[in-house]
Amino acid sequence: MHQQLPRWEHFSHGADIGVRGVGFSRNEAFEQIALALSAVQTKLELIALTSEILVTGALVAPDDELLLFSWLNAIIYQTAITGMIFGRYTCETRADGLWGWAIGEPIDDSRHDIACEVKGATLTAIKAIKLGDGTFLAQCVVDV
Amino acid sequence: MDLADFIKASDYEWHYGPVDHMRVPAIIFGSEALICAMDDHVLTQLKNVASLRGIVKAAYAMPDAHWGYGFPIGGVAAFDASNGGVISAGGVGFDISCGVRTLTSGLHHDEVKRLRARLADALFGAIPAGMGKRSKSRIELELAELDAMLGGGAKWAVSAGYGVADDLSRTEEFGCMAGATPEAVSQHSKERQLAEVGTLGSGNHYLEVQYVEEIYDPETAKAFDLEKDSVVVTIHCGSRGLGHQIGTEYLGQMAKEALIYGIELPDRELACVPINSPTGQKYLGVMRAAINCALANRQVLTHLVRQVFAGFFPRAKLNLLYDVSHNTCKVETHIVNGRAKELHVHRKGATRAFGPGHAVLPMELKTTGQPVLIGGSMGTSSYVLAGSNASEQAALSSSCHGAGRSMSRHHATTLWSGRAIIKDLANQGIEVRSHSYRGIAEEAPGAYKDVSDVVNSAAAAGLSRKVAKLSPMICVKG
């Protein structure tokens, strides 16, 4: 069955939850998996896109899996520090590494109904791979 | 899980291997029904852990074991540093020293029952929980004071006015994990903690007011100051953002370094390094700081609870029964091949369960063994157990920690609504307070396994002894 691209989705993992992004490029898959991360906590349509922050700059890692791990954990760190929840992400590859931005708003208890805090992105079920059809898949389990 | 390849050591103890790369056997505790219901990933992860360098005796899984990160949740494994043994950030987890403490009150169920709703409102107002503005700490610490907290743990909290000296002997490590290195904790980790000291967090964290529904061991219950229908307060939370950040940083670091030490990882999440490596030693120090963070956190929450109770019951005294941690790596002495050996014991979603007479227990607990506190789900029973000497031989003095989920969070929200659960539990005499209806749905009682089965298996396997059953009256959800 033809599936929409780019897209994000969740998958089951026992006590926690898997996040997955698929796109036409690695960076697009990283943007989508970040949306999946936000959707663990609240419905994306509830997030007003009012403020942009730089999540990370010049991010490098020995391989794409560890880059994915670092990207998601940078978002989790920013959520903790800023108290914001994000509904749009942009990833860009520059000479010195991956740069990423997020747009969102401060967490509003009354609107966002956030059930749990994401403690961290794990290396469980982690993949950052090019698929046979040329698209890119990024996934891992997050600890809630 | 298929038990066909297991050797049945008893009705509640099952051995597998060693086969293939395993250096020691895997041992799973539980009834046949519990183990058959376990995810196959539990055995896969146990086999992987059993293949790690320096592992001693066995890779253990408690009756509540389920699919975790590298290590199964409910996993126990000990390593010999002198034999190239490793330390794994995944074997401790993100919520370092997540744990439970229970306070006795001397109050009777009937006294609290009639004030239940108002008490629930007061606790909900006083305890920072969930996410967003209302989750933030009532305490503002400067970085220097944060370092003192990371070095001192519950001891720091008591000296800062958030408790009494008697609390410390009723906390593992007497309230302060030695060997912590606050100076090595990253700036990011400290930044995440500044607004989170004395906060409950979210997800499956909670604060419950409970009453003793049933006593199984009258003598030990009396020593623990538990009587039928007496009221206790239980707090479940951990090291908050600081622990999560440390877990993240070292999981990544160990994943990068494992190959340098020739450690082939069957599962990247099992990332580990030799205990005696620079990163291994650094992780030990900051992990211990995170343990202190969790101990301080639960101590501050205790202070807040005492303040609320004082407003309702001025003559009541909330005494700490015990504080246990679930996600740690600690240096402990255990008997291996007839000789005392210092080992680094990882317990990931498992509780230490030192039996009667153990050297590290305070005098008042030497006769009984340490309390082992097992949380149920919201709306169901919790249990107080006691450590047993049989557990030392069986599983390095370890026991279970809770029920474990039976379904995903998403699935739970398709079956239940938060509002309906709150109403249903109120009809059963349980007041629930939370900032998130979705959180309530995700934590629905039906989303968890039956903790009674887990506890009965732990007792039957000799891991710990049943003392009392607790039933909830008030639940403040994180």
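These exercises work through a predicted model with two chains, A and B.

## Exercise 1. Overall build of chain B

Task: describe the secondary structure, extent and burial of chain B.

Solution.
Step 1. Start with the elements: chain B holds 16 helices and 19 strands.
Step 2. Compare the radius of gyration with the globule rule. The rule gives 23 Å for 478 residues and chain B has 21 Å, so chain B is as compact as a globular protein of that length.
Step 3. Take the extent of the C-alpha trace, which is about 60 × 50 × 50 Å along the principal axes.
Step 4. Turn to burial: 63% of the 478 residues of chain B count as buried.
Step 5. Look at sequence separation. Of the contacts in chain B between residues at least 6 apart in sequence, 77% link residues at least 24 apart.

## Exercise 2. Overall build of chain A

Task: give the same kind of description for chain A, including the order of its elements.

Solution.
Step 1. Chain A has 3 helices and 8 strands. Read from the N terminus, their order is β-β-α-β-α-β-β-α-β-β-β.
Step 2. A compact globule of 144 residues would have a radius of gyration near 15 Å, and the 14 Å of chain A agrees with this.
Step 3. Along the principal axes, the C-alpha atoms of chain A fill a box of roughly 45 × 35 × 25 Å.
Step 4. Buried residues make up 50% of the 144 residues of chain A.
Step 5. Among contacts in chain A between residues at least 6 apart in sequence, 60% join residues at least 24 apart.

## Exercise 3. A sheet in chain B

Task: trace the open sheet of 7 strands in chain B from one edge to the other.

Solution.
Step 1. Write down the strand order, which is β1-β2-β3-β4-β5-β13-β12 in chain B, with mixed pairing.
Step 2. Find the edges: β1 (7-10) and β12 (327-336) of chain B each pair on one side only. On average, neighbouring strands of the sheet are turned by 25° against each other, direction ignored.
Step 3. Examine β2 (residues 13-16) and β3 (residues 26-29) of chain B, an antiparallel pair with 4 bridges. Here Glu13(B) has Phe29(B) of β3(B) as its bridge partner.
Step 4. Move on to β5(B) and β13 (residues 339-348) of chain B, which are antiparallel and share 5 bridges. In this region Ala77(B) stands opposite His346(B) of β13(B).
Step 5. Finish with β12(B) and β13(B), which run antiparallel and are joined by 10 bridges. His334(B) stands opposite Lys341(B) of β13(B). The two strands β12(B) and β13(B) form a hairpin with 2 residues between them, and Asn337(B) in the turn has a positive phi of about 50°.
Step 6. Add the helix that lies across part of the sheet. Helix α2 (residues 40-50) of chain B lies across β2, β3, β4 (55-69) and β5 (71-79) of chain B, and runs at about 155° to β4(B).

## Exercise 4. Two packed helices

Task: which residues make the contact of α4(B) with α11(B)?

Solution.
Step 1. Set the geometry. Helix α4 (residues 116-126) and helix α11 (residues 278-312) of chain B pack at an angle of about 145°, their axes 10 Å apart. The crossing of α4(B) past α11(B) is right-handed.
Step 2. List the residues on each side. From α4(B) come Leu119(B), Ala122(B), Leu123(B) and Ala126(B); from α11(B) come Leu304(B), Val305(B), Gln307(B), Val308(B), Gly311(B) and Phe312(B).
Step 3. Sort the residues by type: 8 are nonpolar, 2 are polar and none is charged.

## Exercise 5. Where the chains meet

Task: how many residues does each chain give to the contact, and is Ile114(A) buried or exposed?

Solution.
Step 1. Chain B gives 40 residues and chain A gives 30.
Step 2. On the side of chain B that touches chain A, two or more residues come from each of β4, α8 (187-193), α10 (240-257), α13 (409-415) and α15 (437-442) of chain B. The largest share, 9 residues, is from α10(B).
Step 3. By type, this side of chain B divides into 9 nonpolar, 18 polar and 13 charged residues.
Step 4. Locate Ile114(A) in the loop between α3 (109-112) and β6 (120-121) of chain A.
Step 5. The cut-off for a buried residue is 20 or more other C-beta atoms within 10 Å. Ile114(A) has 24 C-beta neighbours inside 10 Å, and therefore counts as buried.
Step 6. Apart from neighbours within four places in sequence, Ile114(A) is in contact with Gln41(A), Thr42(A), Ile107(A), Met131(B), Gly132(B) and Ser436(B).

Notes. Residues numbered from 1 in each chain as written. Chains lettered and ligands numbered in written order. Predicted model: local features only at pLDDT ≥ 70, side-chain atom pairs only at ≥ 80, totals over all residues. Pairing = 2+ DSSP bridges. Axes fitted to C-alpha atoms, helices over the stretch in contact; angles between N-to-C directions. Contact = placed C-beta atoms within 7 Å. Left-handed = near helix turned anticlockwise from the far one by under 90°. Nonpolar A, V, L, I, M, F, W, Y, C, P; charged D, E, K, R; others polar. Rg over C-alpha atoms; globule rule 2.2 N^0.38 Å. Buried ≥ 20, exposed ≤ 12 C-beta atoms within 10 Å, placed from the backbone.
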